[in-house]
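Here are a few exercises to work through with the structure open beside you. Try each one yourself before reading its solution.

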Amino acid sequence: MKAVIMAGGFGTRLRPITCNIPKPMVPVANIPMMEHIVNLLKHYDLKRVVSILYFQPEVITKYFGEGDEFGIEMEYQMATADFGTAGSVKNTEEKLKDEPFIIISGDVLTDFDLSAAIAYHKEKKAMATMVLTRVANPLEYGVVITADDGKIIRFLEKPSWGEVFSDTINTGIYILEPEIFKYIPPKAEFDFSKNLFPLMLKEGLPLYGYIAQGYWKDIGNLEEYMLAHQNVLSGEVKIKIPGDRLNVIGRDIWVGKNANIGAKVKFKGGVILGDNCEIEDGAELENSILGHGCVVKKGARLRNATLWDNVHVGRGAEIEDAVVSWSTHLQNEVVLEKNVVIGEECRIGANAIVRENVKIWPRKSVEDGSTVYASVVWSDKWTKNLFNDYGISGLANVEITPEMASKIGAAFGSTLQKGASIITSRDSHKISRMINRAIICGLASVGINVADLRVTPAPVSRFKPNAFMRGGGVHVKVAGDDPNQLEIILFDVEGRDISVATKKSIERLFNREDFRRVPINEVGEITFPPRVPENYSEELLRCLDIQAIRDRNLKIVLDYSYSGASGIFATFLGRLNCEVIALNAYQDEVKPNRLTTEGSQASVASIVKSLGANLGIILGDGAERITFVDDHGRIIVGEEALLTWVRLVLEVLPGARIAVPISSTHTLEKIAGKSGGTIVRTKTSSRALMDAALNDRVEVCVDSRGGIIFPAFQAAFDGMMSSAKLIEFMAHMNKPLSSIINDLPAFYLRSTRVPCPWEDKGKVMRYAMEFAKDKETQLIDGVKILLSADEWVLVLPDPDKPFVNITVESTSEKKVDDLLQKMVDHVESWKKQDE
């Protein structure tokens, strides 16, 4: 059997240490990653190897040659273009067509028993076998479920937490029969996980999964690279470590040839020293790896450090959890804080301090006594996850600073074509103005034209960007529940929240700071479009039955919550012949958003009741969501509000299709069934409802947090449109809102969240799938298990926080409380399960 090593990786997420070498040649324990793979293949008698190369192939071919020095036969296949993983193997068909072969990445670290995987493949008579393993966080991998006989029955590449149904993942190691080539098109982009394996599942071809025991790590980023070295030193992975192992009690120390170690050097934990290293008396080394020719001077302290060849560490220097590339010179008393990464041939001057997370690109110089707060060439990474489920949020001017905002603008703009146009807008707070301007600077710097709407509610900014030749937009506002928190919302050409894929693209650019820069004559222009609110208002009125509203002559209490919606809403409310009692109809940057303030809701309810109004409405969340109050002064929120909206829509539009989240009550289907309507279930995210608005032929999309979408107007939450439509529906019904609410059927729905470490979420979801075995299950978002016609549970990992969300529904208060507690107990026990 031949082996194929996929060795074409750029290693962009490992920069700056991969600026000048391909990723498979990055050393782990002083040996290139790819050599560890070669050693593994040779150990299992897989000595005929084909390496597929793309980026800087000469570095690999020069090192391995024909493989003689490594005890193998090495052939090479140069990729002429990026045809994807399967497409690049297809180009190697002539070398592989006569026998089965195994594929493995050249940039992973593993000690799997490949002979056992091959034996399993033969036993199952598989066309393709995926080697699988279990990991704590499966988000970055392909999640796999196998049947009892090992056949793969479900596969999803790089899921969100709501799509995680197991912690068993694809390792990128495949055993394939040559017949597989007829399913891979030539000279076309084709990927194993995205194209070939889904095709095999669809065609019912013999695709099996072998769950391997042992160590496996995809060294995809700098954090994983550092962790891999600590795993090597702790003995978690069985690999070849160069040098002689010293017999020192309580410590694992490997020393290369001609190393010169002072008598008073202190070692702790595991240490690997390459050939010709010089370690002076008084130096302290703990859990560190030093390449060939490194010099560590007196009094220097290294902890969890990875030094490549020929690094010089001066007297009294301190290095902790850092990576230093080839031939870099650290002068006396230098301090490298945690997660610092320094490229090759740099000079860090005496007494310099390099702060946490800073990256220094190759061949840079830091002056003596400097304190480096930001990366040299590019700045440091702000956070592991830039986006939450809603957008970007953080403490104003502390976490979200002008510098960061400019980078967000540059990253977002870099995902768009040069010369594209973007909308920007904000609320009235001065911090939003500052951050908005910084974002505009970032956008313009990468060649994006900006149409700045200044103080404008988000629904107006989101309104049909494509109709005005805009490629999307950005809205900045102070958070409704915390006046110190700032939110940045990015939306696409349709006005929807940007997709998960776009978020990941922006996040990668933001973290790598690999922004497009344009010449000065191509810097984006900034304009201030006129009549945008007027256009919005005119379009909104076209979607209303104005005469029906005028004939009803409703009395409405409307709380604008100090938002910018007051100036826009007021332009058309007068034309509807409604008596409007307006509250807080001015902009005030000091006042927080009031949608979730119980006191403000109670105030509106009291006014509605005392004045005999037909309806009370509270605009909130920057006029994107609403809370309403019926004519009896009852505040309608949550699932009750969602049910009310569905009843209203079906009263006016019998047979309507309505999109709601998977977590909402099943009473909705009963209500819809009586009116010939259809309930369309979506994921729980805002983006999912926006997608349904565009793609699922629905009349309305509703969630339980006051968000309503009318797709005929726009595919985004819009409190102003929702308020107008609520008024219109009441006009058509010609009966009080309270009568609709009084007729709502009883329902019993409960939700809670259980604290769950990120590393346990995948395991919890795997056990949830096992719990769901032989039960009717829906995998739209999380794992929803239908226990009976009226009873169900939903287990859904929180996408932003270390929690698992549980929602249950049953037929009585006691039953729903008991069911919720039962599911909480299950999740708690699943977390504690030992592997």
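**Exercise 1.** How many residues does the largest nonpolar core have, and which residues have the most contacts inside it?

*Solution.* Keep in mind that this is a predicted model. Start with the count: the largest nonpolar core holds 58 residues. Next, look for its best-connected members, which are Trp645 and Ile658. Helix H19 (residues 719-733) supplies the largest share of this core, 9 residues. Then turn to Ile658: setting aside residues up to four places away in sequence, its partners include Val646, Leu650, Ile679 and Val702. A second, separate core has 40 residues, among them Ile72, Ile104, Tyr120 and Tyr141. As background, nonpolar side chains in soluble globular proteins tend to be buried together.

**Exercise 2.** Decide whether Met34 is buried or exposed, and find what it touches.

*Solution.* First, place the residue: Met34 lies in helix H1 (residues 33-43). Buried means under 20% relative accessible area. Met34 has a value of 0%, so it is buried. Beyond its neighbours within four places in sequence, Met34 contacts Ile5, Ala7, Pro24, Ser51, Ile60, Phe64, Met74 and Gly106.

**Exercise 3.** Work out how compact the protein chain is for its length.

*Solution.* Begin with the elements: the chain has 22 helices and 53 strands. Its radius of gyration is 31 Å, close to the 28 Å that the globule rule gives for 835 residues, so the chain is as compact as a globular protein of that length. Finally, check burial: 56% of the 835 residues count as buried.

Technical notes
Residues numbered from 1 in each chain as written. Predicted model: local features only at pLDDT ≥ 70, side-chain atom pairs only at ≥ 80, totals over all residues. Heavy atoms only, no water. Core = buried A, V, L, I, M, F, W, Y, C linked by side-chain atoms within 4.5 Å. Buried < 20%, exposed > 50% of the residue type's maximum accessible area, 1.4 Å probe, protein only. Helix = DSSP H or I, 4+ residues; strand = E, 2+ residues; numbered from the N terminus. Contact = heavy atoms within 4.5 Å. Rg over C-alpha atoms; globule rule 2.2 N^0.38 Å.
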